[in-house]
Amino acid sequence: WNVHPVWCENVIIRDIKIVAHGPNNDGIDPDGCKNVLVENCYLDVGDDNICLKSGRDEDAWAVGIPCENVVVRNCIAKAGHGGITIGSEMSAGVRNVFVTDCDFDGTDRGIRLKTRLGRGGVVENIWIQNITMRNIRMEAIRMNMHYSGEPIENEMNYGTLEKLPKDVPTFRNIYIKNVTCESAKKAIELYGLPQNPIQTIELENIHLQAQNRGTIDHVEGLTIKDFSVKIKE
């Protein structure tokens, strides 16, 4: 990861340009930080462009420092796995996030939240608005609580687990509005957990063009206002 502040307070990251294509090559990753401003940055990287984190599994539970009070504005992403991302290392929690006036062109996903069973933590109070996207290779909007990035995760069968892992993650209170996407493979995918669905999502004034619509599974409290998907196929 290129810029990775950990357990910091009162952070300003402004007017930087990162062009770096490699494996797991994130751009800006505030990790367990409080009171963060990221603005006027240009990202062209090999993994997530701006990614909010708060540590992973047992290590993060022991420390318990969330990532909170974050503003991201006026940023451009040109490649990578996600324009704005939260997780998957979010075990101490991510909360109170405001993302506005960003442009994503050529990323795998535009808006991306990810976690899995056993990771724990709560992602809550997320506001994302005024986002433009083009040439999104996968989903324009994706929230995935079935994330798998390692062999042990790939082998987990979420729907048939008889015994839950030590901790179950939570996504709740997420508000997304004023979003356009000119082209994507899929418009939207929301994958909650059978044991703990995604809770309270509001999607307003969102207009997406994609090859197909996508999937919404295990979500409670979904509000949709002025939402359209134009299918190209």
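Which residue forms a salt bridge with Asp 57, with the closest N and O atoms 2.8 Å apart? The place to look is this predicted model. The partner is Arg 119.

Start with where the two residues sit. Asp 57 lies in helix α1, which spans residues 57-63. Arg 119 lies in the loop between β10 (109-114) and β11 (122-134). The pair therefore ties together parts that are 62 residues apart in sequence.

Next, accessibility. Arg 119 has 1% relative accessibility, so this residue counts as buried. Asp 57 has 10% and also counts as buried, because the cut-off for buried is under 20%.

Asp 57 has another salt bridge, with Arg 56. Here the closest N and O atoms are 3.8 Å apart. The cut-off is 4 Å, so a pair at that distance counts. Arg 56 has 32% relative accessibility and is therefore partly exposed.

Now move along the chain to Glu 139 and Arg 142. Their side chains meet in a salt bridge, 3.2 Å from N to O. Glu 139 is at 2% relative accessibility, so this residue counts as buried. Arg 142 is at 13% and counts as buried too. Which residues share a network with this pair? Arg 109, Lys 186 and Glu 189 are joined with Glu 139 and Arg 142 through salt bridges that share partners.

Finally, the full tally. How many salt bridges does a search of the whole structure find? The search finds 19. Among them are Asp 57 with Arg 119, Arg 56 with Asp 57, and Glu 139 with Arg 142.

Key: Residues numbered from 1 in each chain as written. Predicted model: local features only at pLDDT ≥ 70, side-chain atom pairs only at ≥ 80, totals over all residues. Heavy atoms only, no water. Buried < 20%, exposed > 50% of the residue type's maximum accessible area, 1.4 Å probe, protein only. Helix = DSSP H or I, 4+ residues; strand = E, 2+ residues; numbered from the N terminus.
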